[in-house]
Each structure stands twice: as C-alpha cells, then as structure tokens.
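Grab a pencil and have a go at these exercises. Each one comes with a solution worked through in steps.

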Amino acid sequence: MGLHKLNLSPPQILVTGFALIIMLGALLLMLPISSVSGASLPFIDALFTATSATCVTGLVVVDTGTYFSPFGQVVILLLIQVGGLGFMSIATMFSLVFKRKISLRDRLLLQEAMNQNSMEGIVRLIRKVLFYSLIIESVAALLFTLRLALDMPFGRALYFGLFHAIALFNNAGFHLFGGSHSLMSYVADPLINVVSIFLMVSGGLGFVVLSDLFDIRHRRKLSLHSKVVLSMTAALIVSGALVIFVFEFTNAGTLKPLDWGGKLWSALFQSVAPRTAGAHTLDIEALRQATQFFIIILMFIGASPGSTGGGIKTTTFTILAGAVLSMIRGRTDLVLFRYRVVQERIFKAVTLTMMSLFFIITVAILLSSTEEAGFLAILFEATSAFGTVGLSMGVTEHLTTIGKLILSFTMFAGRLGPLTLAYALGPKKGKEPYRHPEGKMIIG
C-alpha cells in the first residue's frame, strides 16, 4: 500500500493502482514465454489483453486458448482474480495473513473500492469476500473438472475447470476453448449451464448481498440493498430469458435447431451472460438485431454494486425506474420495500446514468470513424467494453490501433466507474457555503 505516501485521494489510489497492475500485466504478456510460438506480443495487444483481464471484461484481440502459453494464461488468470476482487482486497488479505494493522486510510480506501456507504465492518466484509470467493470458485472448479474430464484428459480438465471457474465468477469472458466459441459446445449441457449461471449470478450480486444471504439464518432478514438487488436481478434474468426465447425461437442460426432443453438453457444462459459475464452458448453474430439491441440494454444495466461486474448497476436502474413510476403516480417520495430513498441517491443514479450514456455514445461515435463495421456492432462493442461484459459481434479482432486504445480506456473507465474516474481526475471541490435562490422552469 505504498501509494499512500503520494498523498492521493482514495479514487486516485484506485485509478493509479489499477493502471499499475495493467501495465505490469502487459509487460508480462509481452515476454516470449507468454506465447506458444515464443514471439513477443506487440505492446498494444498486450495492453489491450491486460486491460481486458484486469477489468474482468473478456474482449480479446488474440485467442487466449491458442496464442498464449500456460504461463501467459496464468498471468491472465491472476489479472482476472486481482481485478475481480480488487487489488485492495488482495492487499488486505496479505495484511491479515501477516497480522499487519489495517489503518484508517486503508479502511477509507476499502470503503471506496467496495462502494460502501461507511467504514463500519469493512474489514470483516473483506474477510467474507475472500472466503466466499475461495469456496465458490473451488466447488465450481471441481464440478467443471468432473464434467470436462469426460471430454479431455484429467489434468487438462482440472486446468480448464479452475480457469473457467475463476473467469466466470469474476464475470470475465475469457475462455480456453479456442476461437470465439466460448461454451457453445455445451449449449444444452445441464451441469455446465447450472454451474456457469450460478457463478455469473453470484459474482454479479455483489459481496454485500452474498454476505447477507450467508448470514440470513442469524439475521433473519435481508437489508434493503439486498432486497433490491435480488428482486431486480431475478426480474432481469426472467424477462431477459423470455425476450431472447421469443425473438430467437425461429432463428435457424441460434435456437431453432436445438431441442426444447437446449432452447431453454441457452435463452436463460444468454439472459444472464450480458449482465457483464461475457460467456455465451449462442453465436452472438447470428442473433437477430432486435435481440442484439436488447442485449445492449442488459449490458448497460450490468451487475450490482460491490460485485465483480460493471454497468450502471441494478440498484441504479431500480432507482431510475422507481423515480419515473413515482413521478407518474404524482408521488414526491420514492419508496422501495417500505423505505424512502433520499433525493441524494436519486441524483447520484441520474448522474451516473447520464455520464455512462454520454460516455458510451462518445466511444461509439469515435469507433464509427476509426473502424469498418456497422453502427449496431460498434454500439454493441462499446457497451460491452464499458459494461466489462466481453461479448462481441466480431469487431474486436479487427480493431485498428486507435480502436484498441479507445476500447482499452473504455474498459478501464467501466471497471472503475465514471464517477470514481471523475473524482480521481477532477479537482476536489468543497461544499458551497451558500445556496442560490430557487428558480422555476417548464419541463416536458
């Protein structure tokens, strides 16, 4: 935690820390030992790959399974784990192991990194984060290994199982199956689908919600945050699966050739994956345009606060939708599960959404001028990068150098969040000591 000596604010430390990890990862991926051929990966490709791994995205410019050696793949896996849990969580783990005292400044930084409202119980939460992650990833890796061992040697199955368990739990779309197939070979496999969906959902719920669920026997009730996250997550998964099932039912390139089991599993999987996971069991380019645009909406919403995923988050979307309904009904307060949401939270949700929307539109416009692709594909790519999803319509592998730089920064901004990035880069301003007179204007 030597960044403290630079007298940086918590957002600045997070931005600097992630940037340093990405640069270190890029340098390691450039080493000849990282590639199968022994050739050195160009810096721009190494930077893109390291950014995609650290920001738990999954967009790739070179194939992970065939280009990188086991050393390079392990580097990517470590970047995914550090990026998903957060480098401050990893640093805290070492501090706890070596019985080093967690300072007040460390706690403030952990509060910012975990997107918490207070420091109360933050170290206890980090312990739970590390414990839950280890347990979930280990059990999933074992189940994956047992299933994959039917298709490949046990040692290879164990390696594949561990890699994909960590990647899916951290909502990163990296895979070792070669090409852009991801998990398409297991589109109707119940075990692979169940374990993958569980990993993506549990990683996307957020560690606060996981902690609440594990402690439900003692606490007897869930917090407002957990209720909102769980209800909105369930609503998005069910509605997403239904929409994809209906839109793709007669599509010969996706659902039509599958039996009923395959249709249901793939619709459910593809509803969960855009919530920042990046894996897929259907050919994304073969989806109908309506489905592709719907997936863009799911990617924009993303996962939940304090999770391994990106997007504007489920709580932000819930507050926005609730505020709209409250306004339509003529109510002055937004009430969720019998709790009133303070106006500060509504303003923050609106600010975050508008900043994210403006950012994605800007990136899409820039990519439209540098890349040779249709606008829907470019918008899909920009949203996927910002939401740290990893799904692609085939644009990533053909990116120009400028396009790679633009998407790298997009993934970086999406992982940290536009507000954190703005706080880190912008001048720090205190609260105004006065209030302006109220003005009136016509809306709508």
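What follows is a set of short exercises on a helix, a cavity, some backbone angles and some aromatic rings.

This is a predicted model, where local features need pLDDT of at least 70, side-chain atom pairs count only at pLDDT 80 or more, and totals for chains, interfaces and linings use all residues. Residues are numbered from 1 along each chain as its sequence is written, and side-chain values use heavy atoms, with hydrogens and water left out.

**Exercise 1. Work out how the length of helix α8 fits its residue count, and find its buried residues.**

Step 1: Helices are DSSP runs of H or I with at least four residues, strands are runs of E with at least two, and both are numbered from the N terminus. Helix α8 covers residues 154–169, which is 16 residues.

Step 2: The expected span is 1.5 Å times one less than the number of residues. For α8 that is 22 Å, and the helix reaches 22 Å from first C-alpha to last, close to expectation.

Step 3: Now check burial (buried is under 20% relative accessible area, exposed over 50%, partly exposed in between, with a 1.4 Å probe and protein chains only). Among the buried residues of α8 are A157, F160, F163, H164 and L168.

**Exercise 2. Describe the largest cavity and what lines it.**

Step 1: On a 1 Å grid over the protein atoms alone, a cavity is a set of points where a 1.4 Å probe fits but cannot get out; lining residues have an atom within 4 Å of a point. The whole structure has three cavities of 30 Å³ or more.

Step 2: Grid points are joined across faces, edges and corners, and a volume is the space filled by probe spheres set on the points. The largest cavity comes out at about 80 Å³.

Step 3: Its lining includes N171, M200, L205, I237 and R275. Two elements, α9 (190–205) and α12 (224–248), give two or more residues each, and α9 gives the most, with four.

Step 4: N171 turns up elsewhere too: just after α8, this residue has a positive phi of about 55°.

**Exercise 3. Which places do V56 and F337 take in the chain, and is each buried or partly exposed?**

Step 1: Most residues other than glycine have a negative phi. V56, though not a glycine, has a positive phi of about 40°, and F337 has one near 50°.

Step 2: V56 is in the loop between α2 (43–54) and α3 (64–67), and counts as buried because its relative accessibility is 0%.

Step 3: F337 lies in the loop between β1 (334–336) and β2 (339–341). With a relative accessible area of 42%, F337 is partly exposed.

**Exercise 4. Sort two aromatic pairs by geometry.**

Step 1: Rings of Phe, Tyr and Trp (its six-membered ring) pair if their centres lie within 6.5 Å; planes under 30 degrees apart are stacked, over 60 edge-to-face, and the rest tilted. That rule gives 12 aromatic pairs.

Step 2: Y159 and F160 have ring centres 6.4 Å apart and planes at 70°, so they are edge-to-face. Y159 is partly exposed at 27%, while F160 is buried at 4%.

Step 3: F245 and W260 have centres 5.9 Å apart and planes at 35°, so this pair is tilted. The pair links distant parts of the chain, with F245 in helix α12 and W260 in helix α13 (residues 260–272), 15 residues apart.

Step 4: F245 is buried at 16%, whereas W260 is exposed at 54%.

Definitions and conventions: 1 Å grid on protein atoms, 1.4 Å probe; cavity = no way out; pocket = protein on both sides within 12 Å on 5 of 7 lines; lining within 4 Å.
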